[in-house]
Amino acid sequence: MDGMAKTSTTTQGLRAAIERSGYYPAIVAEAVEAAIGGENIGSYLVHQETTFDANEVRRHVTVLVLTGTRFIVSHTDEQAADSSSPTPYATTSTESVKIGRISSVVVSRVVANPESYTPGTLPREVVLTIGWGAVSRLDLEPAACGDPNCEADHGYTGSSTADDLSLRVSEAGDGADAVRQTLAFAQALSEATTAAGADTGH
């Protein structure tokens, strides 16, 4: 990973976070490095998930990077040997999104004992959902009017929600630092999208 874009403190922090994940760091770092190119890193988040599929344990790592102009998402999964490969293998994908394309940054917080909450206390759990229009979820339900006796067909009503990426981080499962880093990244991304909107006059 010596070729990582720049040797700034932020880049070194990203490199260390990828190493700490212990999840094929050379593969993950190479993909992220290629996507970043020569840009400076403003903020980053490395998140690993372990899932259980039948008798198999599978790992997945997501790396989010914010540069001056782009939001970069990298996913790496490991796969067991199958009909396409006689040996286990890993797949890595990266997506680069212009900051101006990000349409929503949603942060959901779960707070324990809300009646005694002290400002600044870390949430027990954070869900970060980011939308940029690549994937939309459509929720439909039958439409109705105000007349309880009406039997007419009013069609359907619904809502479209941008849901390109969703990450759940908990203090119990991932640690307090992971929750803190997720909140920090979400704030940096929100500020970047606000600045991008101001620059374009939207």
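Student: How many helices and strands does the protein have?

Tutor: The secondary structure of this predicted model comes to 4 helices and 9 strands.

Student: In what order do the elements run from the N terminus on?

Tutor: The order is α-α-β-β-β-β-β-β-β-β-β-α-α. The nine strands therefore follow two helices and precede two more.

Student: What percentage of the residues count as buried?

Tutor: Of the 202 residues, 32% count as buried.

Student: Let us turn to the sheets. What is the strand order in the open sheet of 3 strands?

Tutor: The order is S5-S6-S9, and the pairing is antiparallel. Strand S5 (104-110) and strand S9 (165-170) are at the edges with a single partner strand each, so one side of each has no neighbour in the sheet. On average, neighbouring strands here are turned by 10 degrees against each other, direction ignored.

Student: How many bridges join S5 to S6?

Tutor: There are 7 bridges between S5 and S6, which run antiparallel. Val105, for example, has Ile130 in S6 as its bridge partner.

Student: And how many join S6 to S9?

Tutor: Strand S6 (residues 125-131) is joined to S9 by 6 bridges, again in an antiparallel arrangement. Among the bridge partners in S9 are Ser166, which faces Thr129, and Leu167, which is paired with Leu128.

Student: Is S6 mostly covered or mostly open?

Tutor: S6 is mostly covered, as 6 of its 7 residues are buried.

Student: What do S2 and S3 form?

Tutor: S2 and S3 form a hairpin with 2 residues between them. Their pairing is antiparallel and extends over 7 bridges. Within it, Leu64 has Val73 in S3 as its bridge partner.

Student: Which residues have the most contacts inside the largest nonpolar core?

Tutor: They are Leu64, Phe71, Ile130, Trp132 and Phe185, in a core of 18 residues. At least two residues of this core come from each of strand S2 (56-67), strand S3 (70-79), S6, S9 and helix H4 (176-200). H4 gives the most, with 5 residues. Leu64 and Ile130 have thus appeared in two settings: Leu64 is bridged to Val73, Ile130 is bridged to Val105, and both are listed for the core.

Student: Which residues does the second core include?

Tutor: The second core is separate and has 15 residues, including Ile18, Val28, Ala35 and Ile41. As general background, nonpolar side chains in soluble globular proteins tend to be buried together.

Student: Now the charges. How many salt bridges does the count come to?

Tutor: The count comes to 4 salt bridges. One of them joins Arg59 and Glu78, with the closest N and O atoms 3.2 Å apart. Arg59 is in strand S2 and Glu78 in strand S3, 19 residues apart, and the pair links distant parts of the chain.

Student: Is Glu78 buried or exposed?

Tutor: Glu78 counts as buried because its relative accessibility is 14%, under the 20% limit. Arg59, at 24%, counts as partly exposed.

Student: Which residue forms a salt bridge with Arg168?

Tutor: Arg168 pairs with Glu125, and their closest N and O atoms are 3.0 Å apart. Arg168 lies in strand S9 and Glu125 in strand S6, so the pair ties together parts that are 43 residues apart in sequence. Arg168 is partly exposed at 48% relative accessible area, whereas Glu125 counts as buried at 17%.

Student: What separates Asp177 and Arg180 in helix H4?

Tutor: They are 3 residues apart in helix H4, which means a separation of about one helical turn. Asp177 and Arg180 form a salt bridge, with the closest N and O atoms at 2.8 Å. Asp177 is exposed at 51%, and Arg180 is partly exposed at 44%.

Student: What is the nearest side chain of opposite charge to Asp164?

Tutor: It is Arg101, 6.8 Å away; Asp164 is buried yet has no salt bridge. That distance fails the criterion because a salt bridge requires the atoms to be within 4 Å. The side chain of Asp164 does reach the backbone nitrogen of Trp132, at 2.5 Å.

Student: Where does Asp164 lie?

Tutor: Asp164 lies in the loop between strand S8 (156-162) and S9.

Student: One last topic: what is phi of Tyr24?

Tutor: Phi of Tyr24 is near 40 degrees, a positive value in a residue other than glycine. Tyr24 is in the loop between helix H1 (9-21) and helix H2 (25-36), and counts as partly exposed at 33% relative accessibility. Asn113, in the loop between S5 and S6, also has a positive phi, near 45 degrees.

Methods
Residues numbered from 1 in each chain as written. Predicted model: local features only at pLDDT ≥ 70, side-chain atom pairs only at ≥ 80, totals over all residues. Heavy atoms only, no water. Pairing = 2+ DSSP bridges. Axes fitted to C-alpha atoms, helices over the stretch in contact; angles between N-to-C directions. Core = buried A, V, L, I, M, F, W, Y, C linked by side-chain atoms within 4.5 Å. Buried < 20%, exposed > 50% of the residue type's maximum accessible area, 1.4 Å probe, protein only. Lys, Arg positive; Asp, Glu negative; His and termini not counted. Polar contact = N/O pair within 3.5 Å; in protein donor to acceptor, adjacent residues only side chain to side chain.
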